[in-house]
Amino acid sequence: MSCLVHSGCTVATLATGGDPYGLIDDAAITAENGLITWVGEAARLPARYADWPRTDLGGALVTPALIDCHTHLVFGGDRAREFAMRLGGASYEEIARAGGGIASTVAATRAASDDELLRSALRRVDDLIADGVAVIEVKSGYGLTIADEMRMLRTARAIEAHRPVRICTTWLAAHALPPEYAGRADAYLDEIAIPGLAEAQSQELVDAVDAFCEGIGFSPAQTRRMFEAARAFGIPVKLHAEQLSDQKGAVLAAEFDALSADHLEYLAEADVPRLAEKGVVAVLLPGAFYALRETRLPPIEALRAHGVAMAVASDCNPGTSPMSSLRLAMNMACTQFRLTPTEALTGTTRHAAAALGLADEYGTVAPGKRADLAVWNADHPDMLSYWIGGNLLKGRIIGGLYHER
C-alpha cells in the first residue's frame, strides 16, 4: 500500500524547539509514496487519513532511522594482529611506518575479488541495519589505484541492490600512499587521486571527496589540491581532520565549505568559530578514540558554545575502529566525550543527515521527509545510548512500509 498510518507509538521527531527529543506521546505518522505526510497526536489525526490502512506499533518508540555518516566498511582482510601490537605499546604511527596500518588493508583489498568484498561488506551492513540504520556513507581509500578505488565505490553502490539501505559514496584516494608511490605524494595525486576522481565522477560513483590530512597522510597543501579538484567538479568535500595532530585541516575544510570535519581530537579551540561560521558539521568518532586508546578529547565544550552541529559515526574500519554498531558509538560518545543522550541521538539523525548533505530528506520525523524510521523496544530515547549492546530494534519503517524485525 502507498498510503499508510502508523499509530500506537511514541515519536521522537528530533525537530528543533520544545522538548529536546521532540517527543509526541500516543502519536500517529502517515506516509504516502515513501514520504511522511503528517505526524502528531493520534487524537488529532486529520479526517482525510481516517480510512487509510493502519499499523499499530504496540507502544513502541519511533525515531528517524539512524545514519552512519562516516564508514570505511568495504575492505579486504582484517588487522587483528595490529590490535595485539597496540596492546603491546606500539602507536598508530609506528604501526603505519612499519608497513602495517592502511597499507596492509590495501594489500588485502587489492587481492580480494569483487564478490569477496561485497560479501564481507554486507555482514557489516547487516550489523548496522540491526541498529536501526537506513543511510550509510562508505569511503574508498583501500585500493589506491584508479581501478581499485573505483572497484570499492562500485561495491559500495552494489549494497543497495542487496539490502534496504541508502549508500552515499566518498572518494578517499588521498587516504595513504601505496608502496609504489612511497615518498612521492604529489606524483600520486597527479597520477592517481585526481585523475581517478575525474573518472569516478564521469561514471557517477562519487557523492563527496575526502582526504586524510595528517602527518602520516597528506599535507594541508596536498589536501587543498584534492579539494580544488573536487570544487572543479562541483563535488562537496569532507575531511579527516586533527585526529593525531593539529594540521589546521578543519580550517581548510571551512574554507572549502565542507560538509564535515571528522575526528577533531586535536582541533584548537580558536578554530572552532570557523566551523560554526561555515556550518561545517563536526563528526565525532569515539570508536577510533577508544581503539587507539587516545587521551586527548575533542573540544566538546567549545563546539557546544559556538553552536557547531556534532554528528556521531561508527568509523567502521579494520584498523582503528573495528566496530559495526552505531548504537555502541552513541554510548561511547556519551561515556568518553560526555555528550548527552539527546546529543548522541541527534548526532546520528539530524546532524548526521547534514554531514551527508541530506538534511532535506532524512534526520527528523516531519512532513516531506523520507518515511524511513526506526521502531524500538524502548520507553524513552535515552535508552538508545544508555543500553550497551543488546537488541532494542523492534522493526523498521522503510519507504513508509513497516517491517517487523
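Reader: What is a cavity, and how many cavities of 30 Å³ or more does a search of the whole structure find?

Author: A cavity is a set of grid points where a 1.4 Å probe fits but cannot get out. The model examined here is a predicted one. A search of the whole structure for cavities of 30 Å³ or more gives a count of 2.

Reader: Which residues lie closest to the centre of the largest cavity?

Author: The largest cavity has a volume of about 100 Å³. Its lining is made up of 13 residues. Those closest to the centre are H72, Y92, H175, N317 and T320.

Reader: How many charged residues are in the lining of the largest cavity?

Author: The lining of the largest cavity can be divided by residue class. Polar residues number 7 and nonpolar residues 4. The charged residues number 2.

Reader: Which residues line the second largest cavity?

Author: The second largest cavity holds about 40 Å³ of space. By class, its lining has 4 nonpolar, 2 polar and 3 charged residues. The residues concerned are P64, A65, E361, Y362, G363, T364, R370, D372 and L373.

Reader: Where does the largest pocket have its centre, in terms of the closest lining residues?

Author: The largest pocket contains about 380 Å³ of space. A total of 19 residues line this pocket. The closest to its centre are A96, R97, A176, L177 and I216.

Reader: Which element gives the most to the lining of the largest pocket?

Author: By class, the lining of the largest pocket has 12 nonpolar, 6 polar and 1 charged residues. Two elements, α2 (92–97) and α3 (102–111), each supply at least two residues of this lining. The element that gives the most, with 3 residues, is α2.

Reader: Which residues have the most contacts inside the largest nonpolar core?

Author: The largest nonpolar core has 100 residues. One of those with the most contacts inside the core is L73, and L73 touches A121, R124, V125, L128, I136, V138, I159 and C316, leaving out residues up to four places away in sequence. The full list of residues with the most contacts inside the core is L73, I159, W171, Y188, V209, L275 and W376.

Reader: Is E137 buried or exposed?

Author: E137 belongs to strand β6, which covers residues 133–139. Beyond its neighbours within four places in sequence, E137 is in contact with D68, C69, H70, T71, C168, T170, K238 and L356. Because the relative accessible area of E137 is 0%, E137 is buried.

Reader: With which residue does the side chain of E137 make a polar contact of 2.6 Å?

Author: The residue E137 is in strand β6. The contact in question joins two side chains at 2.6 Å. The partner of E137 is K139.

Reader: Why does T170 count as buried?

Author: T170 is part of strand β7, residues 166–174. Setting aside neighbours within four places in sequence, T170 is in contact with E137, V138, K139, S140, L153, A208, V209, D210 and K238. Buried means under 20% relative accessible area. T170 therefore counts as buried, with a relative accessibility of 1%.

Reader: What is the phi of L264?

Author: L264 sits in the loop between β10 and α9 (272–278). L264 is buried, because its relative accessible area is 0%. Although L264 is not a glycine, its phi is positive, at about 75°.

Reader: What is the relative accessibility of D257?

Author: D257 is located in the loop between α8 (249–255) and β10 (260–263). D257 is not a glycine, yet has a positive phi of about 55°. D257 counts as partly exposed because its relative accessibility is 49%.

Reader: How far apart in space are W387 and R86, C-alpha to C-alpha?

Author: W387 lies in the loop between α15 (382–386) and β14 (393–398), and W387 counts as partly exposed at 39% relative accessibility. Neighbours within four places in sequence aside, W387 is in contact with R327 and L392. In sequence, W387 and R86 are 301 residues apart. In space, C-alpha to C-alpha, W387 and R86 are apart by 28 Å.

Reader: Is A43 buried or exposed?

Author: A43 is placed in the loop between β3 (35–41) and β4 (54–64). A43 and D26 are 17 residues apart in sequence and 8.1 Å apart in space, C-alpha to C-alpha. Because the relative accessible area of A43 is 76%, A43 is exposed.

Definitions and conventions:
Residues are numbered from 1 along each chain as its sequence is written. This is a predicted model: local features need pLDDT of at least 70, side-chain atom pairs count only at pLDDT 80 or more; totals for chains, interfaces and linings use all residues. Side-chain values use heavy atoms; hydrogens and water are left out. A nonpolar core is a set of buried Ala, Val, Leu, Ile, Met, Phe, Trp, Tyr and Cys residues joined through side-chain atoms within 4.5 Å. Buried means under 20% relative accessible area, exposed over 50%, partly exposed in between (1.4 Å probe, protein chains only). Contact means heavy atoms within 4.5 Å. On a 1 Å grid over the protein atoms alone, a cavity is a set of points where a 1.4 Å probe fits but cannot get out, and a pocket is an open set with protein on both sides within 12 Å along at least five of seven lines; lining residues have an atom within 4 Å of a point. Grid points are joined across faces, edges and corners, and a volume is the space filled by probe spheres set on the points. Ala, Val, Leu, Ile, Met, Phe, Trp, Tyr, Cys and Pro count as nonpolar, Asp, Glu, Lys and Arg as charged, and the others, Gly among them, as polar. Helices (H or I, at least four residues) and strands (E, at least two) are DSSP runs, numbered from the N terminus. A polar contact is a pair of N or O atoms within 3.5 Å; within protein, one must be able to donate a hydrogen and the other to accept it, and residues adjacent in sequence count only if both atoms are side-chain atoms.
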